[in-house]
Amino acid sequence: MVDPNGIAGLDAQFIGRVSPTAPRIQAGGHPCQGIYWTEAGKRPKVAVIATHYNVDFSEHYIAPYFARQGIGFLGWNTRYRGFEDQFLLEHAVLDIGVGMKWLKEEAGVEQIVILGNSGGGSLMGAYQAEAIAPTLTDRLPSVGQDALASLIKGDLYISFNAHQGRPEVLTDWMDASVIDENDPVATDPELDPFNPDNGPPYSDAFIEKYRAGQRARNQRITDWAKAELARLNAAGIPDRIFPMFRCWGDIRCVDPAIDPSDRKPNWCYRGDPATANRTPSIGRANTLKTWLNMWSLETSPCQGQPHLAKHDTPALVVQGTADTGVFPSDARKIFDFLGSTDKKLELITGAHYFEDSIEERQNAADLVGAWIREKL
């Protein structure tokens, strides 16, 4: 079988643009960059756009699959690609707006589909919500406020193996047994998910205690970040960076009886959870402002529910049942959060990026493509 992920017969156009709140850097790089995928020589009237908080989506695996269906695909990056520690939602939304504007004004696209994949689900959900009713205005300078008020709204929204929100996924993955954020070793054995005395299988009492411990850890970091930021600002220092350890502690990765699915037991995106949990990973470095903007359950505007509740366009939630980091309950919550009256949930075979099978990737692309054609 020929891999549809190949680029034969496709055009891949690189785009670099400035943002209303970020100019081109002196070395020449644009803050907003991406690749637009189409059938060779074609100018489709319908296109998909996908962006992540920090992962480069320009060569997104699903792009060729849509391009071969006659649907353009803009794999778009904000100024924060590779710079997760500096992320601020209000500026990322403006950067996505640059890609939307390019599709409309330069690519000749008439209808745009917002695709929220993986961690990018809540980011793209936030973009769509801000295009409907802005809430981030006070966080921006005047030029940014004008750009926020003129964001282009997508015609459809797709949640594609997406996490609920940035604070939600980090908290679900946090190791609740950490007792000192400056020491990757210090552990409360009674909350240690890798202590065999605790499971798996985990009791209902341990699950409740562990989940509460994860939320408490998130709040402790938030309390410290607010106090530290105030202390530094009083001394004329705008911000600082800090590390975070042990964030592969989601007990669903260890115990397949919790939130059951077709996933591989005792596995996460980085392999064995016990090993991955000792390795720097998601959220490993932050500024104080980024923690409060992206990861904090108390203060972050990157939570999914408030944004998804504002959606009023047709929406599709697609979830692979073998995903080892997004689980069926996450997909159902996203579906329930969506304010759209026209919405659909599809649980299909496959892992997080449908990476185990060309057929599974093709099936996912065919499902989404058919839904787009039905709605547009």
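## A tour from the small spaces to the sheet

About 30 Å³ of space lies in the second largest cavity, and that is our first stop in this predicted model. Select Gly-121, Ser-122, Tyr-157, Ser-159, Ala-162, His-163, Gln-164, Leu-308 and Ile-334 to show its lining. Colour them by class and you get four nonpolar, five polar and no charged residues. Now turn on the cartoon: helix 3 (120-132) and strand 6 each supply at least two residues of this lining.

Keep His-163 and Gln-164 selected, since they also help line the largest cavity. Add Gly-165, Glu-168, Val-169, Asp-172, Trp-173, Arg-252, Gly-325 and Asp-330 to complete that lining. The space inside is about 50 Å³. What is the mix of classes in the lining of the largest cavity? Two residues are nonpolar, four are polar and four are charged. Helix 5 gives the most here, with four residues. There are two cavities of 30 Å³ or more in the whole structure, so you can tick that list off.

Next, the largest pocket, with a volume of about 660 Å³. It has 30 lining residues, and the ones to pick out are Val-55, Trp-173, Trp-248, Tyr-269 and Arg-270, the closest to its centre. You have already met Trp-173, in the lining of the largest cavity. Helix 5 (residues 166-173) turns up again too: its three residues are the largest share of the pocket lining. Overall, that lining has 13 nonpolar, nine polar and eight charged residues.

Step back along the chain to the loop between strand 6 and helix 5, and select Asn-161. Most residues other than glycine have a negative phi, and most peptide bonds are trans. Asn-161 is not a glycine, yet its phi is positive, at about 50 degrees.

Then follow the chain past helix 5 into the loop that leads to helix 6 (204-234), where you will find Pro-200 and Pro-201. Show the backbone as sticks. Gly-199 and Pro-200 are joined by a cis peptide bond with omega of about 5 degrees. Another cis bond joins Pro-200 to Pro-201, with omega of about -5 degrees.

Now hide the side chains and look at the sheet. Its eight strands run in the order 1-2-4-3-5-6-9-10, forming an open sheet with mixed pairing. At the edges are strand 1 (10-17) and strand 10, each pairing on one side only. From one strand to the next the twist averages 20 degrees.

Zoom in on strand 6 (residues 156-160), which pairs with strand 9 in the parallel sense over four bridges. Select Ser-159 and you will see Val-317 of strand 9 opposite. Ser-159 is also one of the residues lining the second largest cavity. On to the edge: strand 9 (residues 315-320) and strand 10 (residues 343-348) are parallel as well, with six bridges. Here the pair to pick is Leu-316 and, opposite, Lys-344 in strand 10.

How do you get from strand 9 to strand 10? Through helix 11 (residues 328-337), in a right-handed β-α-β unit. Helix 11 packs on the sheet and touches strand 6, strand 9 and strand 10. Its direction makes about 170 degrees with that of strand 10.

Last stop: helix 12 (residues 358-375). It lies across strand 3 (46-50), strand 5 (111-117), strand 6, strand 9 and strand 10. Line up your view with strand 6 and you will find helix 12 running at about 165 degrees to it.

Notes
Residues numbered from 1 in each chain as written. Predicted model: local features only at pLDDT ≥ 70, side-chain atom pairs only at ≥ 80, totals over all residues. Heavy atoms only, no water. 1 Å grid on protein atoms, 1.4 Å probe; cavity = no way out; pocket = protein on both sides within 12 Å on 5 of 7 lines; lining within 4 Å. Points joined across faces, edges and corners; volume = space filled by probe spheres on them. Nonpolar A, V, L, I, M, F, W, Y, C, P; charged D, E, K, R; others polar. Pairing = 2+ DSSP bridges. Right-handed = clockwise from strand over helix to strand, strands pointing away. Axes fitted to C-alpha atoms, helices over the stretch in contact; angles between N-to-C directions. Contact = heavy atoms within 4.5 Å.
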